[in-house]
Amino acid sequence: MDTLRIATRKSPLALWQSEHVAALLRAAHPGLSVQLVPMSTRGDEVLDRSLAAIGGKGLFLKELELAMLRGEADCAVHSLKDVPMELEAPFALPAILQRADHADAFVSNLHADVDALPQGARVGTSSLRRQAQLRALRPDLRLLDLRGNVNTRLARLDAGEYDAIVLACAGLQRLGFDDRIRARLDAPRWLPAPAQGAVAIECRNDDAPLLALLSGLDHPTTRRCVEAERAMNRALHGSCHVPVAALAQYEGEDLRLQGLVGSAADGRLVRAEAVAAATDAEALGRRVAGTLLAQGAGELLRG
């Protein structure tokens, strides 16, 4: 293969991630020409409604997958948290890159953290997972929808539409906005989306040379962590329609998985965690999902 074409969304963060993958591939394969194929997706275009209302995070993938099927691109780069739990045929994820910061970021120009917000403060986020955890911590807050790319969301905060917003630390750091992070929202008090902070490469599963080329970028430690998180979400039949959070972290040779299911309406949270050998990541995810369901998560999942 002389030229590799990467399908990518057009947002600044998506382009950064795709350029990052392109640089890694060029370094690993001198002489390989890597080109980006920027595309607009329905998830990027419809910003006046929540993702749950217009069909979920899979909307960010569909156009990129069609480009691969049409032969217009060889692979696609995604934020793994946006990738559905079950990939449609004929696609695979040969590489999951080393994870960046998994945590959420509290961003505000006036207040240091969630606890410092005044009564009834306006907080922007369209994520049901974030809404559920905010309601659990601060039921007095006014939670307002916030869609768009990172730059758009920061601009709306700076325009005074919100007292604070919640974004992913990784996205802010990748775009050079580290200084906008006032506080990290982290475990055990707060859990991220499954696979948050991880970048995945998707391609057709019937192209053995391409699978071999891309798999050289895979980070096994990250893959095991996100496999546990995604297995939990899969067992819960989770999507962006329901608030599901998960974080797997290494403890020696083992993985500890913390999971959460919540209600964006009233802030009820169900939590569970377990430890298993890292080689049993899938089973660990299913076990934590089973504990969550046994504790009543099913009622919250049904909304």
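The buried residues of helix 8 pack against strand 1 (3-9), helix 1 (12-28), strand 3 (75-79), strand 4 (91-96) and strand 10 (199-204). Keep in mind as you look around that this is a predicted model.

Which residues of helix 8 (residues 208-215) are buried? They are Leu210, Leu213 and Leu214. Viewed down the axis of helix 8, the buried residues fall within an arc of 90°, so they line one face of the helix. Helix residues three or four places apart point the same way, because an α-helix has 3.6 residues a turn. Turn to the other side of helix 8 and you will find Ala208 and Ala212, which are exposed. The N-terminal end of helix 8 is capped by Asp207. Here a side-chain oxygen of Asp207 lies 3.2 Å from the backbone nitrogen of Leu210, a residue that is itself buried.

Now for the C-terminal strands. Strands 11, 12 and 13 form an open sheet in the order 11-12-13, with antiparallel pairing. Its edges are strand 11 (244-251) and strand 13 (269-277), each of which pairs on one side only. From one strand to the next, the twist averages 15°. Strand 12 (residues 254-262) is joined to strand 13 by nine bridges, and Val261 has Val270 of strand 13 as its bridge partner.

Two helices lie across this sheet, as the table shows.

| Helix | Lies across | Angle |
|---|---|---|
| Helix 9 (residues 220-235) | strand 11 and strand 12 | about 145° to strand 11 |
| Helix 10 (residues 281-294) | strand 12 and strand 13 | about 150° to strand 13 |

What do these elements share? Helix 9, strand 11, strand 12, strand 13, helix 10 and helix 11 (297-301) each supply at least two residues of the largest nonpolar core, which has 24 residues. Helix 10 gives the most to this core, with five residues. The residues with the most contacts inside the core are Met232, Leu236, Leu257, Val261, Leu284, Val288 and Leu292.

Leu292 is a good residue to click on. Leaving aside its neighbours within four places in sequence, Leu292 is in contact with Met232, Leu236, Gly259, Leu260, Val261, Val270, Arg271, Ala272 and Ala297. Among these contacts are Val261 and Val270, the bridge partners met above.

A second, separate core of 18 residues includes Leu4, Leu25, Leu32 and Leu213. With Leu213 we are back at helix 8, where this leucine is one of the buried residues. In soluble globular proteins, nonpolar side chains tend to be buried together.

Key. Residues are numbered from 1 along each chain as its sequence is written. This is a predicted model: local features need pLDDT of at least 70, side-chain atom pairs count only at pLDDT 80 or more; totals for chains, interfaces and linings use all residues. Side-chain values use heavy atoms; hydrogens and water are left out. Two strands pair if DSSP finds at least two bridges between them. Helices (H or I, at least four residues) and strands (E, at least two) are DSSP runs, numbered from the N terminus. Axes are lines fitted to C-alpha atoms, for helices over the stretch in contact, and angles run from 0 to 180 degrees between N-to-C directions. Contact means heavy atoms within 4.5 Å. A nonpolar core is a set of buried Ala, Val, Leu, Ile, Met, Phe, Trp, Tyr and Cys residues joined through side-chain atoms within 4.5 Å. Buried means under 20% relative accessible area, exposed over 50%, partly exposed in between (1.4 Å probe, protein chains only). The arc is that of the directions from the helix axis to the C-beta atoms. A polar contact is a pair of N or O atoms within 3.5 Å; within protein, one must be able to donate a hydrogen and the other to accept it, and residues adjacent in sequence count only if both atoms are side-chain atoms.
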